Amino acid sequence: MSGKSTILQRFIVTSLFYPYYRYLWTKLNNAALLLRHMSCLLSDLGSLPDGELVHKVRAGEVEMYRVLVERYRREFGRYATAMLDGDREDAADALQEAFIRAYDSLASCRDPDRFKAWLFRIVSNQCHNVRK
């Protein structure tokens with residue numbers, strides 16, 4: 001009798017909660033599609049030149065700054081680590097501060113097409129400040 005009651009319990013639970021499970025499944029699939037769509041958008045944005053991204057950030061699309069950060073994070077992270085004698089924690093702090101300073105003073109970037117050189121100078125100055 002316990003085998004039949006277990007099957008009956010499963011049937012009742014499944015029939016009661018099936019609409020909720022279906023709802024969750026739909027939401028999860030929608031979230032997966034959204035994540036795939038967002039990753040495609042970010043990869044498309046990654047091909048935009050620096051100047052266009054800087055103009056977008058200045059125009060109020062602040063999420064575009066993330067593309068710039070991701071584009072130069074590793075390269076300048078290696079540079080900061082080398083400048084700070086291999087101290088990765090200080091390098092990470094200096095790099096984070098440099099990205100924040102660059103964002104705060106993005107309006108003063110005279111040539112957005114040369115954003116990388118402008119950012120390099122900020123990272124370099126920040127590393128020198130940390131070394132003092």
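This passage looks at the salt bridges of a predicted model and at the packing of two of its helices.

A good place to start is with the charged side chains. A search of the whole structure finds four salt bridges, and three of them are described here in turn.

One of these pairs Asp 50 with Arg 71, whose closest N and O atoms lie 2.4 Å apart. Asp 50 belongs to helix 2 (residues 50-58) and Arg 71 to helix 3 (residues 65-83), so this salt bridge ties together parts that are 21 residues apart in sequence. The surroundings of the two partners can be compared through their relative accessible areas. Asp 50 has a value of 10% and is buried, because buried means under 20%. Arg 71, at 26%, counts as partly exposed.

Helix 3 also holds a salt bridge within itself. Here Arg 73 meets Glu 70, with 3.2 Å between the closest N and O atoms. The two residues are three positions apart in helix 3, about one turn of the helix. Arg 73 is partly exposed at 37% relative accessibility, and Glu 70 is likewise partly exposed, with a relative accessible area of 43%.

A further salt bridge joins the side chains of Lys 116 and Glu 75, at an N to O distance of 3.1 Å. Lys 116 sits in helix 5 (residues 115-131), while Glu 75 is in helix 3, so the pair links parts that are 41 residues apart in sequence. Both ends are partly exposed, Lys 116 at 34% relative accessibility and Glu 75 at 33%.

Helix 5 leads on to the second topic, its packing with helix 4. The axes of helix 4 (residues 88-104) and helix 5 come within 9 Å and cross at roughly 135°. Roughly antiparallel would require an angle over 145 degrees, and therefore the two helices are described as oblique to each other. The crossing of helix 4 past helix 5 is right-handed.

Which residues of helix 4 and helix 5 meet? On the helix 4 side they are Asp 90, Ala 94, Leu 95, Glu 97, Ala 98, Phe 99, Arg 101 and Ala 102. Their counterparts in helix 5 are Trp 118, Leu 119, Ile 122, Val 123, Gln 126, Cys 127, Asn 129 and Val 130. Sorted by character, the residues of this contact comprise eleven nonpolar, two polar and three charged.

Note on methods
Residues numbered from 1 in each chain as written. Predicted model: local features only at pLDDT ≥ 70, side-chain atom pairs only at ≥ 80, totals over all residues. Heavy atoms only, no water. Helix = DSSP H or I, 4+ residues; strand = E, 2+ residues; numbered from the N terminus. Buried < 20%, exposed > 50% of the residue type's maximum accessible area, 1.4 Å probe, protein only. Axes fitted to C-alpha atoms, helices over the stretch in contact; angles between N-to-C directions. Parallel < 35°, antiparallel > 145°, perpendicular 65-115°, else oblique. Left-handed = near helix turned anticlockwise from the far one by under 90°. Contact = heavy atoms within 4.5 Å. Nonpolar A, V, L, I, M, F, W, Y, C, P; charged D, E, K, R; others polar.
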